[in-house]
Amino acid sequence: MMKSAKNDFWVFVETDATGNAKNVGLELLNPGRKLAQPQGGKLVAVVVGNHVQAAVNSAAEYGADAVITVEGEEFAHYSTDAYTAVMCQLVQKYQPAAILIGATNNGRDMGPRMASRLQTGLTADCTALDLDPDTGDVVWTRPAFGGNLMASIVCPKHRPQLGTVRPGVFKKQEPVLGRSVTVIRENLHVPAEEIRTELLETIREAAVETVDLESAEIIVAGGRGVGSAEGFGPLQELAQVLGATVGASRAAVDAGWISHVYQIGQTGKNVAPKLYIACGISGAIQHMSGVNNAKCIVAINQDPEAPIFQTADYGLVGDVREIVPLLTQAIKKAKASTGK
Amino acid sequence: MKKILVCVKQVPDTTEIRIDPVKHTLIREGVPSIVNPFDAYALEQAARIKDKEPDTQIVLLSMGPPQAQAALKKCLAVGGDKAYLVSGGVFGGSDTLATSYILSCAVQKVRELEGPFAMILCGKQAIDGDTAQVGPELAEHLGLPQVTYAVEVTAEQNAAVVRRETEEGFERVRVQYPCLITVTKPNFDPRLPSIQAKLAANHKEIALLGVEDLPIDLEKIGLNGSPTRVKKTFTPPVKTSGVTITEEDPALAVEKLVALLQKDGVL
């Protein structure tokens, strides 16, 4: 689509199996507001699903000016065909200036499908969003070449401008509980024969309910230096003492020691804890690009030359199998003495 | 007989890329070119289908400079039967939308020559651009259903069953033929070529497709046909080094660490 005059900014608020908003959609309302305001545009959350009132309410509480929602049984779980069809119909009707989509697996499935149907530009997996002061275009910044290079992309002539944005990069604003806004319910449906995929089974990895790396305050992550699946045991103990979440580098996931749902980095999750304890992680740029937003990074690695020591706030050279249990004890002791 | 088209890109090995410490630019000299690893996984999925159904035919399609033939030769040695390379200066500067449009024109041409494909397999993303957009955009141009993030593809009579990675674990999805599937890293490695297969691949011909061979709208390709523009590139800021704890005794080192973290207020 070529440029039109509408200045509204949309955030696609993805829902989970229970009809609640996924965090990333609520996070994106925050930068979405900063982009929409200078141009006098409205910030609109778009919620597609079945029984998604909880997500609609959250979108209002976390700052949307209005919500457009489409409900139907065919949207109960994500499918490329149904979601792309309804999103593109909404775009044709309302013509927003830009749409922010969380860079989840489903967001990155739907985004390019929409871009191709609408013949517009899409920027993938962004980690920073700005406005070009001269043109009002969104400047989408993203890592490329495995995180070695950052590129800022614009889409000057086509609308809507589309981008997928990494979860965990932006913080949700403080919610205003019970805030209510205009909710537009669009009665759109996609015929069954136009949905060419069939979801046969959903397989949740064990203990996944406890994996919320993106909003974790403290993360204890393990890499190749952990040595084995059993080697994550002491990390779990340390995490428990700290009230932390366990994560992993790609090396540990590839070795089969821990599920991919725990993976942090370029091909895993983006995290922003106040404390990140990297155990036996070498610190390849692909991993570090996922922890850029950590406030304090502690590195424990027996290789003094490991690149992680260049970015860590505190580095400790040693074998994680020896250091981690000692650290657990020391923190227990410290907590006991401060009464926390 | 089932036909599978596998899309392949030759990319610089990004794990070998270094940053010029003075100019803050990528040092590309001496960086080896490889088959995009995710495309190698896609080809391996196709080869596994062929292992079970030996009359499956695997056709390869790439877009890039003439040197990209080297990548196609490697793929011909590990399961590919035929290869096409789309090449030409007019394609340069294309963003993902223009690239996927060019590929969709090439798929139409290859389909004319080879007959219809049950599946098109692509890597989830290329490791240089990391966009993961070309696969789904290509599927849309061709009007095909898609499944992304596949770790396992099983071929049925009229549909594929895909094990797909999600944030919470996996899904199993059935998708009708013809379809496009993008493949991520499975828990197995792609096969290595035998010496005989390498030699045989050297003798296989790679068909070149130029702009004149394709049913294409020149307005939709290259820089002018691309909705997005790169405004600037820069190297990510590097944090200055922090504190290395030098106490030899691990117990003392750990105590010092805890004290520092408490002082910073992060514990």
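This is a short chat about how chain A and chain B meet in a predicted model, and about two sheets found there.

Me: How many residues does each chain give to the contact?
Reply: In this predicted model, chain B puts 77 residues into the contact, while chain A puts in 83 residues.

Me: And what area is buried between them?
Reply: Between chain B and chain A about 7000 Å² is buried, and carbon and sulfur atoms account for 55% of that area. The size of an interface is often expressed in this way, as the accessible area that is lost when the parts come together.

Me: How many salt bridges are there between the chains?
Reply: The count between chain B and chain A is seven salt bridges. One of the salt bridges links Glu140(B) with Arg117(A), where the closest N and O atoms are 2.7 Å apart. Beyond salt bridges, one can also look at polar contacts, and across this interface 38 residue pairs are found in polar contact, both residues being at pLDDT 80 or more.

Me: Which element of chain B gives the largest share of its side?
Reply: That is α6(B), with eleven residues on the side of chain B that touches chain A. Other elements giving two or more residues to this side include α4 (134-142), β9 (146-155) and β14 (229-234) of chain B.

Me: How do the residues on that side divide into nonpolar, polar and charged?
Reply: On the side of chain B that touches chain A there are 34 nonpolar residues, 21 polar ones and 22 charged ones.

Me: Switching to strands, which strand of chain A pairs with β15(B)?
Reply: Strand β16 of chain A, residues 314-317, pairs with β15(B) in the parallel sense, over three bridges. Within this pairing, Tyr314(A) stands opposite Val243(B).

Me: What is the order of the strands in the sheet they belong to?
Reply: The order is β13(A)-β12(A)-β14(A)-β15(A)-β16(A)-β15(B), which makes an open sheet of six strands with parallel pairing. Its edge strands are β13 (245-248) of chain A and β15 of chain B, each of which pairs on one side only. Direction ignored, neighbouring strands of this sheet are turned by 20° against each other on average.

Me: How many bridges join β12 to β13 in chain A?
Reply: Four bridges join β12(A), residues 218-222, to β13(A), and the two run parallel. Ala221(A), for instance, has Gly247(A) as its bridge partner in β13(A).

Me: Which strands do the helices lie across?
Reply: Helix α9 of chain A, residues 320-338, lies across β14, β15 and β16 of chain A, and runs at about 135° to β15(A). The helix α6(B) lies across β14, β15 and β16 of chain A together with β15 of chain B, running at about 170° to β16(A).

Me: And the seven-strand sheet, what is its order?
Reply: That open sheet is in chain A, with the order β5-β9-β4-β1-β2-β3-β10 and parallel pairing. Its edge strands are β5 (122-126) and β10 (182-185) of chain A, and the twist from one strand to the next averages 20°.

Me: Where do helices α3 and α4 of chain A sit?
Reply: Helix α3(A), residues 80-94, packs on the sheet and touches β1, β2, β3, β4 and β10 of chain A, its direction making about 150° with that of β2(A). Helix α4(A), residues 105-118, lies across β1, β4, β5 and β9 of chain A, and runs at about 155° to β4(A).

Note on methods: Residues are numbered from 1 along each chain as its sequence is written. Chains are lettered from A and ligands numbered from 1 in the order in which they are written. This is a predicted model: local features need pLDDT of at least 70, side-chain atom pairs count only at pLDDT 80 or more; totals for chains, interfaces and linings use all residues. Side-chain values use heavy atoms; hydrogens and water are left out. Contact means heavy atoms within 4.5 Å. Buried area is the accessible area (1.4 Å probe) that two parts lose on being put together, summed over both. A salt bridge is a side-chain nitrogen of Lys or Arg within 4 Å of a carboxyl oxygen of Asp or Glu. A polar contact is a pair of N or O atoms within 3.5 Å; within protein, one must be able to donate a hydrogen and the other to accept it, and residues adjacent in sequence count only if both atoms are side-chain atoms. Ala, Val, Leu, Ile, Met, Phe, Trp, Tyr, Cys and Pro count as nonpolar, Asp, Glu, Lys and Arg as charged, and the others, Gly among them, as polar. Two strands pair if DSSP finds at least two bridges between them. Axes are lines fitted to C-alpha atoms, for helices over the stretch in contact, and angles run from 0 to 180 degrees between N-to-C directions.
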